Amino acid sequence: MTRRVLDVPGIAYGGDYNPEQWPQEVWAEDMRLMTEAGVNMVSVNIFSWALLEPAEGEYDFSRLDRVLDMLYAHGIAADLATPTAAPPAWFFRAHPEALPVDRDGRGLSYGSRQTFCPSSPAYREAALRVARALGERYAGHPAVVMWHVHNEYGCHNAECFCDTSAAAFRSWLRDRYGDDLAALNHAWGTAFWSQWYYDWDEILPPRATGAVPNPAHRLDWRRFSSDELLSLCKAEREVLEQAAPSVPATTNFMVMHNFDALDYWRWAPELDVVSNDHYLRSTDPESEIDIALSGDLVRSLAGGRPWLLMEHSTGAVNWQQVNRAKTPGELRRNALAHVARGADGIAYFQWRAAKAGAEQWHSAMLPHAGTDSVIWRDVVQLGSDLRSLAEVRGSTGTAETAIVWDWDAKWAVELPSQPSESVRYLELIRSWYEPLWRAGVAVDFVRPDADLSAYRLVLAPSLYLVDDAGAANLASFAERGGTLAVGFHSGAVDENCHVRLGGYPGAFRDVLGVRSDELFPLLPGERAGLDTGGTGSLWSERVRLAGARAVSSYADGPLKGVPAVTRHDYGTGTAWYLATLPDPDTLGALLARVREEAGVRPVLEGVPSGVEAVRRRGPAADFVFLVDHTGQGAEVAVSAEAVELLTGTPLPGGSVSVPPGGVAVVREPRGA
Ligand code: GAL
């Protein structure tokens with residue numbers, strides 16, 4: 001598809017703007033304060049369906065007309081949303097069959113949001129009707145610079161187990177298996193436990209049953225559920241595109257914790273602009289690493305191009321057990337860290353803190369306390385910071401290291417009845433990502449079958465499921481001179497969750513030069529000593545060398561003397577196997593060695609620990625972001641031709657001061 005470009009000057013800045021929550025007298029104040037804060041784009045209409053279409057096919061555009069005109073008059077662009085994440089009550093009264101049914105057969109009610117059956121024809125028809133009406137009315141409106149399709153597809157409930165969904169699932173399966181029921185039976189291994197299907201109509205969604213479900217059935221269901229929502233997103237996008245062929249479209253992803261319903265590798269190519277929502281977890285003492293990981297993943301989904309941070313929070317959210325406010329300077333560090341990872345827009349949920357409704361205790365750009373507040377002052381300061389960074393727009397990343405990320409592998413390894421329930425995909429990825437973050441190494445994320453020619457080092461911390469093409473791609477990367485490191489329990493099964501026979505780690509035995517005949521996962525809290533120092537946790541297996549050499553072996557326990565970490569010369573490259581999860585220091589030291597062997601350098605040498613350094617590359621200059629997480633500040637050596645952009649200060653002394661808990665952004669001419 002031809003990708004349309006978002007036309008907002010510099011870095012976009014704003015948030016979800018929900019003026020329908022307020023009397024109209026407040027709107028003029030909103031415009032004045034948005035201007036004061038330097039807001040240049042807001043997302044409107046996200047949850048306004050009930051007010052916009054009071055009865056089927058009857059529209060009241062008066063409110064939205066006025067809002068868009070006011071925004072335009074104040075030079076603020078609109079990212080205009082289709083409101084299809086929150087169908088009105090009248091719709092469900094007319095179409096109760098469009099309400100979803102959960103795995104246990106419990107029908108859900110309306111009265112909240114994001115509660116509908118993705119396969120419901122009535123829902124699809126209503127969603128496309130309102131999208132078409134919006135498209136036709138506002139295609140030429142000068143405020144509208146982008147379509148915001150729906151809101152966070154997959155949030156809250158992405159699956160529906162009703163009979164309509166069952167029929168849609170069967171038709172998706174017929175497609176996948178070429179209408180060949182025997183192929184499905186083989187792929188799902190239905191000879192096991194008498195699950196053989198003789199008729200397509202016998203196949204159901206994986207509803208609650210008395211015992212463990214069939215893994216391939218569950219995995220195909222997850223693929224189907226992601227595709228079903230994607231087809232809704234594409235249908236809305238097409239309707240909007242017909243009305244306004246030049247306006248780009250996005251939908252907001254949430255790639256980290258909150259939900260993992262969608263295979264975003266399949267979604268991203270369908271959008272003009274990739275955007276993401278990110279929220280801090282109150283329980284994470286190092287949220288900055290989560291932000292970095294999320295940003296690197298989103299930039300990678302966007303094919304390396306800049307992306308938009310569509311939502312994050314100025315302070316506390318309202319959906320965790322305890323919702324912590326941000327510490328001094330954290331709002332600025334968070335926002336600029338997203339810019340450092342490639343965001344060309346920074347937006348919040350939401351503009352004005354709500355007085356009523358489910359999210360009345362969620363922070364906003366304009367808090368309940370009003371403008372005499374720390375949050376408001378920080379919001380105004382951030383607007384000014386982002387204006388100073390306008391020239392960063394369009395610049396990209398510089399990674400020579402890639403981490404393999406795959407939703408099929410994530411879904412599969414977290415299915416029930418695994419060797420260990422403690423293996424959690426995101427936790428493993430983060431364990432490997434953390435030492436790279438601490439060392440200031442730039443990272444991209446890739447699919448197993450990606451073109452890897454730009455990388456020196458490829459890490460696959462957790463790739464339980466891999467198809468033949470993905471496995472061959474990774475092996476040939478090592479064979480042609482790359483450095484590959486693979487984590488335990490990878491390559492174990494194929495795309496149908498069938499175990500790869502002949503020893504573990506299945507698909508990677510040859511490239512890694514090892515063959516394990518039995519798995520010995522460790523109990524929660526259990527540690528296995530390593531003869532080179534440190535311990536392993538979570539996993540061990542009886543690795544036998546088949547070409548590789550042992551780098552580290554178990555010093556105790558049932559596998560005493562068995563290799564835990566191996567290294568294999570393969571072709572002109574190298575392949576490492578980590579058959580356990582080393583403790584953080586040991587893993588850090590090991591990955592530093594792997595990285596040095598691969599010739600991967602940090603973004604900037606000599607940066608004190610706890611100061612994050614990230615580089616964006618433009619055509620004529622590099623932009624180095626330095627974010628201090630130590631609270632101490634730092635002095636960092638840079639080129640003598642560099643300029644600090646937030647303060648506009650030239651740095652002829654060849655050094656920049658990063659304020660305590662603050663940020664510096666340095667422009668270095670290329671080649672300096
Ligand atoms: C997001 C959602 C927003 C708002 C926000 C609160 O997941 O898209 O509408 O609910 O969470 O943190």
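How far does a polar side-chain atom of His362 lie from an oxygen atom of the ligand? In this predicted model, the distance is 2.6 Å.

**View 1. Polar side chains reaching the ligand's oxygen atoms.** Along with His362, two other side chains are worth a look here. Glu152 puts a polar side-chain atom 2.4 Å from a ligand oxygen, and for Asn151 the corresponding distance is 2.8 Å. On its own the ligand has 310 Å² of accessible area, and the protein covers 97% of that.

**View 2. The shell around the ligand.** Zoom out a bit and you'll find Phe47, Arg113, Met254, Asp277, Tyr279, Glu311, Trp319, Phe349 and Glu359 among the surrounding residues. By class, the shell splits into five nonpolar, two polar and five charged residues. The ligand takes up the space of the largest pocket.

**View 3. The largest cavity, with about 150 Å³ of space.** Searching the whole structure turns up eight cavities of 30 Å³ or more. The largest one has 22 lining residues, and nearest its centre sit Asp296, Arg341, Ala442, Val443 and Val614. Strand β22 chips in the largest share of this lining, five residues, while α10, α14 and β11 each give at least two. Ten of the lining residues are nonpolar, five polar and seven charged.

**View 4. The second largest cavity, at about 110 Å³.** Its walls include Pro19, Glu20, Val44, Asn45 and Ser48, plus Asp60 and Arg63. Two helices, α2 (49–52) and α3 (62–73), supply two or more lining residues, with α3 giving the largest share, three. The class tally for this second cavity is six nonpolar, two polar and three charged.

Terms used. Residues are numbered from 1 along each chain as its sequence is written. This is a predicted model: local features need pLDDT of at least 70, side-chain atom pairs count only at pLDDT 80 or more; totals for chains, interfaces and linings use all residues. Side-chain values use heavy atoms; hydrogens and water are left out. A residue is near a molecule or strand if one of its heavy atoms lies within 4 Å of it. A polar contact is a pair of N or O atoms within 3.5 Å; within protein, one must be able to donate a hydrogen and the other to accept it, and residues adjacent in sequence count only if both atoms are side-chain atoms. Accessible areas come from the Shrake-Rupley method with a 1.4 Å probe; for residues, only the protein chains shown count as cover. On a 1 Å grid over the protein atoms alone, a cavity is a set of points where a 1.4 Å probe fits but cannot get out, and a pocket is an open set with protein on both sides within 12 Å along at least five of seven lines; lining residues have an atom within 4 Å of a point. A molecule sits in a cavity or pocket if more than half of its atoms lie within 2 Å of its grid points. Ala, Val, Leu, Ile, Met, Phe, Trp, Tyr, Cys and Pro count as nonpolar, Asp, Glu, Lys and Arg as charged, and the others, Gly among them, as polar. Grid points are joined across faces, edges and corners, and a volume is the space filled by probe spheres set on the points. Helices (H or I, at least four residues) and strands (E, at least two) are DSSP runs, numbered from the N terminus.
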